[in-house]
Amino acid sequence: MSSTFFDRESTIAGPGFNRFMVPPAALAVHLCIGQAYAFSTFNLPLTKLIGLTQSAPGDWNLKELGWIFSIAIVFLGSSAAVFGRWVERVGPRKSMFVAALCFGGGFLVSAVGIHLHQLWIIYLGYGVLGGCGLGIGYISPVSTLIKWFPDRPGMATGMAIMGFGGGALIAAPLSVLLMANFKTATSNGVLETFVTMGVIYFMFMMIGVLSVRVPADDWKPSGWTAPAKPKQLVTTANVAVDQAWRTPQFWLLWVVLCMNVTAGIGVLGQASPMIQEMFPGKVTAPAAAGFVGLISLFNMIGRFFWASTSDYIGRRNTYMVFFLLGIVLYAAVPTTGHIGSTALFVAAFCVILSMYGGGFATIPAYLRDMFGTYQVGAIHGRLLTAWSVAGVLGPVLVNYIRQYQIDNGVPKAQAYSITMYIMCGLLLIGFLCNFAMRAVRANYYYHAPAAPQRAPA
Amino acid sequence: MKLRLAVLWIAVGIPLAWGVFKTLQNAMKLFQ
């Protein structure tokens with residue numbers, strides 16, 4: 001059967017192809033889907049669709065709207081887990097195209113929901129359809145990048161996953177700009193912004209679809225040979241996805257990612273009120289918004305920095321740094337509040353958030369080290385369920401413990417201390433799981449079926 | 001190939017640089 005434009009066979013790179021064409025293709029997808037982190041920009045305008053200047057009877061409230069992001073993150077994790085093997089089979093072009101259709105389409109379906117003022121359509125559009133676009137788009141370039149950069153897998157995947165962090169930096173001001181541009185006397189511009197963003201994101205993701213290539217099976221970077229003696233905890237064998245998730249290593253890595261993300265995501269969502277409450281009278285609301293921007297920037301930079309560093313110091317050691325340094329910094333945060341040092345507080349969270357991003361970006365290379373390249377994208381997809389769990393666990397821990405403390409008479413400025421110590425506990429669990437990591441046993445290895453032997457003439 | 005490579009990097013680099021610039025502009029409020 002002849003292959004079509006979207007099939008893996010049509011994307012095999014010819015001789016002389018420059019492998020540095022692939023990271024921007026991956027970035028084109030991740031810069032778009034990273035918009036998810038900036039979805040909260042729409043929350044307030046969506047509460048004023050009827051009232052326009054203020055919420056009117058019949059307008060949606062923030063609690064109802066909060067579910068849109070939660071559904072999207074749950075579908076990100078589930079679709080990455082469910083469609084991971086399909087993504088490996090059909091290759092990056094077809095999967096990126098489907099991701100573009102789902103993510104762009106999610107915005108357009110949501111626009112219909114805004115027009116009809118039906119929240120369930122937005123849950124279905126941005127949450128379910130868009131969430132599937134997020135999950136498929138997130139994993140689609142990972143295994144391709146690892147195959148193109150066997151010498152620097154951390155740097156390559158770090159570059160792509162950095163795009164996910166960068167996507168929020170673009171989407172937040174872009175959404176504000178578009179809503180201001182489309183605002184009229186009868187509309188606050190959200191509907192038009194959703195339509196525009198759906199089209200823009202679809203077209204931008206098509207840059208990735210059109211330019212991505214996979215290497216030929218026997219391709220290697222020129223002048224590079226695989227090390228004769230592999231490093232500790234770097235396998236030369238392969239493990240199939242169905243075997244990988246039966247190994248203790250998969251679940252250890254699952255907990256490692258879950259703990260690292262839980263610690264960071266709760267803080268990221270609560271950063272603005274936290275800095276204002278810990279430094280009352282010293283930090284204003286606009287300054288707190290600046291703080292959120294700054295830690296988002298470090299979240300992005302950390303993805304590239306830590307993943308690239310892991311190529312030199314090893315994945316296990318990189319996570320050791322995340323957990324040990326994280327414990328020290330989280331434990332120090334209450335003290336920065338007591339001594340009133342905003343600078344130390346900001347510096348601590350910049351490093352913490354860089355390690356949060358670094359955790360996401362280093363995990364694909366860690367998976368490659370443990371399970372080989374054969375189905376690393378699919379294994380990565382299944383591991384992302386840890387993100388979905390952490391996406392619920394992190395904010396719940398931070399918000400509920402804070403509220404419990406305040407309800408029991410603890411001053412707001414000190415209401416985060418217990419939370420910080422709980423985060424230290426979570427990081428300690430992650431540290432122990434990472435410490436327990438050993439090479440996968442040979443009985444889990446995948447052996448390719450032997451080629452049929454030709455009968456003698 | 002080199003031209004295509006440059007165009008691709010510029011296509012993803014410009015929006016990313018704009019996002020970083022706007023974020024830094026916003027972050028400056030923290031230090032004022």
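Where in chain A is the place of Leu49(A)? The legends below start from that residue and then turn to other parts of this predicted model.

**View 1. Leu49(A) and its surroundings in a loop of chain A****.** Leu49(A) has its place in the loop between helix H2 (43-46) and H3 of chain A. With 19 other C-beta atoms within 10 Å, Leu49(A) is partly exposed, because a residue counts as buried only at 20 or more. Leaving aside residues up to four places away in sequence, Leu49(A) touches Asp59(A), Ile114(A), His117(A), Asn188(A) and Val190(A). Thr385(A), by contrast, is 336 residues from Leu49(A) in sequence, and the two C-alpha atoms are 34 Å apart in space.

**View 2. Positive phi values at Leu52(A)** **and His117(A)****.** Most residues other than glycine have a negative phi. Leu52(A), which is not a glycine, nevertheless has a positive phi of about 65°; Leu52(A) lies in the loop between H2 and H3 of chain A and is partly exposed, with 16 other C-beta atoms within 10 Å. His117(A), likewise a residue other than glycine, has a positive phi near 50°. The place of His117(A) is in the loop between H4 and helix H5 (119-139) of chain A, where His117(A) counts as partly exposed with 13 C-beta neighbours inside 10 Å. His117(A) is also one of the residues that Leu49(A) touches.

**View 3. The pairing of helices H3 and H14 of chain A****.** The axes of helix H3 (residues 62-90) and helix H14 (residues 376-383) of chain A come within 7 Å and cross at roughly 175°, and H3(A) and H14(A) are therefore roughly antiparallel to each other. From H3(A), the contact is made by Ala80(A), Ala81(A), Phe83(A), Gly84(A), Arg85(A), Val87(A) and Glu88(A), while H14(A) gives Gly377(A), Ala378(A), His380(A), Gly381(A) and Arg382(A). By class, the residues of the contact of H3(A) with H14(A) divide into five nonpolar, four polar and three charged.

**View 4. The pairing of helices H4 and H8 of chain A****.** Helix H4 (residues 92-116) of chain A and H8(A) have axes that come within 8 Å and cross at roughly 175°. That crossing angle makes H4(A) roughly antiparallel to H8(A). The contact of H4(A) with H8(A) has 20 nonpolar, five polar and one charged residues.

**View 5. Helix H13 of chain A and its bend at Thr362(A)****.** Helix H13 (residues 342-371) of chain A has 30 residues, which at 1.5 Å a residue should span 44 Å, and the end C-alpha atoms of H13(A) are 43 Å apart, which agrees. H13(A) bends by about 35° at Thr362(A), with a proline, Pro364(A), following within four residues. The helix is mostly covered, since 24 of the 30 residues of H13(A) are buried. Gly372(A), with a positive phi near 80°, follows H13(A).

**View 6. Leu329(A) in helix H12 of chain A****.** Leu329(A) is found in helix H12 (residues 315-338) of chain A and counts as buried, with 22 C-beta neighbours inside 10 Å. Residues up to four places away in sequence not counted, Leu329(A) touches Ala348(A), Val351(A) and Ile352(A). Leu329(A) and Ile339(A) are 10 residues apart in sequence, and their C-alpha atoms are 15 Å apart in space.

**View 7. Helix H11 of chain A and its kink at Gly302(A)****.** At 1.5 Å a residue, the 29 residues of H11(A) should span 42 Å, and the end C-alpha atoms of the helix are 40 Å apart, which agrees. A kink of about 30° in H11(A) is centred on Gly302(A), and the helix is followed by Gly314(A), whose phi is positive, near 95°.

**View 8. The contact between chains A and B****.** Chain A gives 23 residues to the contact and chain B gives 19 residues. On the side of chain A that touches chain B, the elements giving two or more residues are helix H1 (22-33), helix H7 (153-182), helix H8 (190-211) and helix H11 (285-313) of chain A. H11(A) provides the largest share of that side, nine residues. The residues on the side of chain A that touches chain B divide into 17 nonpolar, six polar and no charged. Chain B has one helix and zero strands, its C-alpha atoms fill a box of roughly 45 × 10 × 5 Å along the principal axes, and 25% of the 32 residues of chain B count as buried.

Key. Residues numbered from 1 in each chain as written. Chains lettered and ligands numbered in written order. Predicted model: local features only at pLDDT ≥ 70, side-chain atom pairs only at ≥ 80, totals over all residues. Contact = placed C-beta atoms within 7 Å. Nonpolar A, V, L, I, M, F, W, Y, C, P; charged D, E, K, R; others polar. Axes fitted to C-alpha atoms, helices over the stretch in contact; angles between N-to-C directions. Parallel < 35°, antiparallel > 145°, perpendicular 65-115°, else oblique. Expected span 1.5 Å × (residues − 1). Bend = angle between axes of the 7 residues up to and from the residue. Buried ≥ 20, exposed ≤ 12 C-beta atoms within 10 Å, placed from the backbone.
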